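Reader: I have a structure to look at and some words I do not understand. Please explain them.

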Amino acid sequence: MSLSSRQKYPGGLGAEPPVRQAPEALLQVEGLALSIGGTAILQDVSLSLPQGEILALTGESGSGKSMTALAAIGLLPERAETSGRLLLAGRDLLTLPERDLCALRGREVGMVFQEPMTALNPVQRIGDQVMETILIHKAMGRDAARARAVEVMARVGLDPARIPPTRYPHELSGGQRQRVGIAMAIALRPKLLIADEPTTALDVTIQAQILELLTGLVREEGMGMLMITHDLAVVAGMADRIAVMKAGRIVEQGPTAQVLAEQRHPYTRQLFEASRHQAPLGLITPGETLLSVQEAVRDYPLPRKGLFAPRGQFRAVKGVSFDIRRGERVGLVGESGCGKSTLSRAILGLEPLQAGTITLGGKPILSHGKPDPEIRRRVQVVFQDPYGSFNPRHSVARIIAEPFHLLPDPPRGAARQAAIASALTAVGLKPEHAEAPIHAFSGGQRQRIAIARALIIEPELVIFDEAVSALDVRVRAQILDLVAELSRTRGLSYLFVSHDLSVVRCITDRVLVMREGEIVERGRTADVFDNPEHWYTKSLMEAAPRLPAPDMGGDDDAGGEPL
Amino acid sequence: MRPSLLLGAALTLIFTFAALLSFVWTPGDVTAVDIASRLQPPSAVHWLGTDQLGRDLLSMVMTGARTSLAVALVAVGLGMGLGVPLGLAAAARQGGWLDELVMRTNDLIFAFPSLVIAILITAIFGPGALNAILAIGIFNIPVFARLTRGAALSYWRREFILAARVAGKGASRISVEHILPNLANLLIVQGTIQFSLGILAEAGLSYVGLGAQPPVPSWGRMLADAQTMVSLAPHVAIVPGLAILLTVLGLNLLGDGLRDALDPRLRPSRA
């Protein structure tokens with residue numbers, strides 16, 4: 001492939017860059033500061049990324065890690081004011097005009113985005129989208145570009161015989177789409193690859209494959225990779241160096257092994273401890289059977305293939321049976337599309353079953369297709385999205401009090417105020433918060449509000465549907481502690497649905513592993529995690545990225561109670 | 001506050017005020033014909049001049065504003081009053097027979113040009129302001145039904161709707177309590193824009209003689225009457241033309257400005 005067109009750059013870099021730029025780093029950030037409208041976003045950020053290495057930038061949401069990545073590809077917001085230097089192969093990106101930045105993006109720097117569902121244009125064939133990068137930079141003619149697109153797609157594991165470049169994004173799975181995204185980013189063999197949470201939206205087995213692909217690309221093609229991630233386990237497994245960011249500053253950086261071992265900055269320590277957090281569950285003696293799911297089957301009609309063709313059925317839940325006893329904490333794990341959400345909605349009475357029964361305390365949730373309010377008020381739910389699960393126009397009090405609708409005689413006036421106040425107190429908020437609008441709260445506080453809403457009518461069973469998946473690790477640890485405390489003090493039973501194995505491990509007594517609408521393995525959480533029997537559970541455990549065990553000092557975070 | 005929003009609000013207020021004022025006072029009598037002083041240019045006596053029958057143009061424009069605003073307001077109210085509930089119901093029963101019925105009826109109405117329907121209604125009931133209202137109103141129903149359904153559908157997929165269902169609330173209660181308040185901004189903005197379109201439609205119907213009948217003044221008919229005299233006395237056409245232009249412009253600016261001002265994404269939420 002021709003590299004001669006590299007010479008188009010203005011600025012005197014006419015000659016082919018030397019293959020090995022001895023000690024000089026590929027990406028060198030020196031004292032980068034950034035502010036938008038007077039608000040400081042980044043302060044004194046200094047990084048160095050040599051060719052062929054992986055630098056992981058980690059931290060919680062709002063720490064400035066994505067902004068640093070955007071600076072490295074020259075995509076900062078229009079109003080951003082910067083100081084310091086950001087050198088890519090010797091050129092300062094902060095002072096380059098937009099024209100030159102355009103010439104650089106895609107060719108010198110490639111970027112992989114978080115959301116494979118939205119990063120591709122749905123009306124363009126995937127091959128054309130990969131080709132586009134090549135054609136925009138006029139790197140080669142159409143035919144050569146097409147050949148290169150096929151080549152690079154094969155490189156990222158999209159076998160042209162199975163997944164031809166003429167496919168559209170909607171015909172691919174999430175992992176395959178992310179591969180297309182990576183193919184677009186590396187089509188012109190950029191020197192620097194930026195990956196912004198590239199696996200956060202993917203299932204754990206797919207995540208492992210994508211991480212392996214990215215690492216392989218860096219090692220074999222000699223690129224430098226700047227990897228943005230909040231997941232410390234991912235970082236620990238693949239990065240050469242780690243930089244930990246907090247509130248716009250880098251608080252600690254160094255070689256991965258050293259940062260993991262030393263954890264000099266207290267914030268780094270907090271992050272690692274929170275990631276390894278074990279919620280203090282305490283011991284419980286399960287009571288009588290509370291929830292009983294017997295041979296539950298849920299079918300969805302598929303769209304007709306032809307005008308008179310019979311409607312096909314998709315069986316999302318294939319005859320699942322399990323029980324939850326009073327006081328028990330049960331986990332339900334599985335990858336996206338395995339039917340776990342459908343099953344939890346059926347338990348909530350939101351979805352009808354085609355066969356089988358779901359009973360709570362011996363009475364069916366749905367009688368004649370209609371949910372019985374008497375039964376339904378004994379089950380409540382906490383959803384995943386702390387931003388989408390509240391009506392943005394309602395106050396906290398109104399949101400929390402919504403389940404009162406299920407009571408035949410809901411409390412009014414002072415009794416209502418008292419119920420709201422006690423629900424808020426139970427989740428660690430203050431009664432004064434009741435009148436505030438919901439948008440005044442952070443993600444973690446919102447999840448507490450969601451729990452308060454679930455608890456206000458004192459249900460016997462709560463379903464946590466990915467309830468901590470959208471939270472930062474430290475907030476996640478706090479919410480898990482809260483859930484554990486509620487189960488200890490109130491004898492709350494719950495079904496904790498999640499794709500995140502480490503979360504399920506730390507918050508449940510018993511676990512169900514679901515795959516393609518069936519429960520493939522079940523048992524005590526510790527047993528299933530330590531000695532998985534089904535091949536699928538084994539592959540899940542192997543794929544899950546894992547933090548190395550702390551070398552010294554032992555675990556002092558978990559409240560000291562053994563499982 | 002954006003300047004376009006202020007300008008839009010000011011123009012709308014001026015014409016609303018003029019329309020209201022015409023109930024109690026106009027500079028001249030819109031039914032008094034004075035052939036001797038016809039087609040006079042603007043002067044101290046007739047601020048905007050007179051038309052071919054010697055009527056005071058300012059009085060005509062003020063009373064015409066009353067007709068235009070009333071017809072458009074009632075027509076948009078009719079469209080909103082029927083369209084929004086239909087749209088909410090269709091969204092609540094997405095894919096069901098009610099959804100199909102509402103949407104296919106919408107398609108049917110959209111398939112006829114509004115003028116043809118207006119002529120049809122006029123042929124049956126005779127011309128008049130009421131029939132103009134009916135014709136314009138009918139065409140506003142599908143606009144609001146579609147808009148409401150589309151926006152409501154996106155809210156139905158949100159988790160807070162699921163939470164409300166877990167709280168045992170039914171579809172109609174959720175539609176009114178959770179969905180409608182979230183659509184309010186959108187409907188206000190679309191209402192303003194439909195309102196300006198209604199004024200244009202009323203002017204169009206009056207222009208072809210299907211709107212308000214003489215002697216009730218109407219901007220559209222003033223334009224039609226002035227048409228033959230444009231070379232003789234251009235101000236007779238310019239005055240109602242400008243009135244239509246400024247009102248529609250004002251309402252559109254108001255609609256755009258409101259959309260920007262009410263959009264929560266453009267509002268500072270929290271630090």
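Author: The turns below go through the terms and the values behind them. This is a predicted model, in which local features need pLDDT of at least 70, side-chain atom pairs count only at pLDDT 80 or more, and totals for chains, interfaces and linings use all residues. Residues are numbered from 1 along each chain as its sequence is written, while chains are lettered from A and ligands numbered from 1 in the order in which they are written.

Reader: What makes residues of chain A and chain B count as a contact?
Author: Two residues are in contact if their C-beta atoms, placed from the backbone, lie within 7 Å. By that rule, 21 residues from chain A and 17 residues from chain B take part.

Reader: Which elements of chain A give two or more residues to the side that touches chain B?
Author: They are helix 11 (373-376) and strand 18 (379-382) of chain A. Helices (H or I, at least four residues) and strands (E, at least two) are DSSP runs, numbered from the N terminus.

Reader: How do you know that chain A is divided into domains?
Author: The bounds come from an automatic or database domain assignment, which gives domain 1 (24-275) and domain 2 (329-543) of chain A. Their C-alpha centres lie 35 Å apart. Each of the two domains gives 12 residues to the contact between them.

Reader: What is residues 65-255 of chain B called in UniProt?
Author: The unreviewed entry has the annotation "domain: ABC transmembrane type-1" for that span; such annotations may be inferred rather than shown by experiment. In the model the span is 82% helix and 0% strand.
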